[in-house]
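Good morning, colleagues. Please turn to the sequence and the structure, which I shall now put on the screen.

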Amino acid sequence: MSEESRPADGPSEHPGHPEYAERVFEVAELIPPGRVLTYGDVAEWLETGGPRQVGRVMALYGGAVPWWRVVRADGVLLPGHEREALGHYRAEGTPLRTAGGSSGSQLPRLDMRRARWDGRTET
């Protein structure tokens, strides 16, 4: 990820949330439409915590940010929110892989190779 696109320190836009959550939100808000970062990517970007901590923040507080852009590394849609997330992915043109295979799911997965954001500013 490039240094120039990392969130700057500044006043909180989501008052009332723990500082770590605020930092996670800042990263989530940087992800361009049609792109995603994994929970682990966000933790690596912040240089603290791990995928579970980021996932916990998103589960507890993530409704105020584009939560569908912070995802599992395997590309499986967020359980319980699959349809809503899929609507966002389709509207934003996020690369998807067709459903099928041995998983038995009829829902597509994210095409992580193409959808994963590298942290550079999109043009």
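What volume does the largest pocket have? Please bear in mind that the model is predicted. The volume of the largest pocket comes to about 320 Å³. Its lining consists of 18 residues, and those nearest the pocket centre are Tyr-39, Met-58, Trp-67, Leu-78 and His-81. Three elements give two or more residues to this lining: α3, spanning 51-61, β2, at 70-71, and α4, covering 82-92. The largest share, 3 residues, is supplied by α3. As to the chemical character of the lining, 12 residues are nonpolar, 4 are polar and 2 are charged.

Let me now turn to α4, one of the elements that line the pocket. Which residues of α4 are buried? They are Ala-85, Leu-86 and Tyr-89. These residues lie on the same side of α4, because the arc they cover around the axis is only 100 degrees. On the face turned away from that buried side, α4 carries the exposed residues Arg-83 and Ala-91.

What covers the buried residues of α4? The cover includes three strands, namely β2, β3 at 96-97 and β4 at 109-110. Of these, β2 has already been mentioned, as it also gives two or more residues to the lining of the largest pocket.

One backbone detail remains. Just after α4 comes Gly-93, which adopts a positive phi of about 75 degrees.

Thank you for your attention.

Technical notes
Residues are numbered from 1 along each chain as its sequence is written. This is a predicted model: local features need pLDDT of at least 70, side-chain atom pairs count only at pLDDT 80 or more; totals for chains, interfaces and linings use all residues. Side-chain values use heavy atoms; hydrogens and water are left out. On a 1 Å grid over the protein atoms alone, a cavity is a set of points where a 1.4 Å probe fits but cannot get out, and a pocket is an open set with protein on both sides within 12 Å along at least five of seven lines; lining residues have an atom within 4 Å of a point. Grid points are joined across faces, edges and corners, and a volume is the space filled by probe spheres set on the points. Helices (H or I, at least four residues) and strands (E, at least two) are DSSP runs, numbered from the N terminus. Ala, Val, Leu, Ile, Met, Phe, Trp, Tyr, Cys and Pro count as nonpolar, Asp, Glu, Lys and Arg as charged, and the others, Gly among them, as polar. Buried means under 20% relative accessible area, exposed over 50%, partly exposed in between (1.4 Å probe, protein chains only). The arc is that of the directions from the helix axis to the C-beta atoms. Contact means heavy atoms within 4.5 Å.
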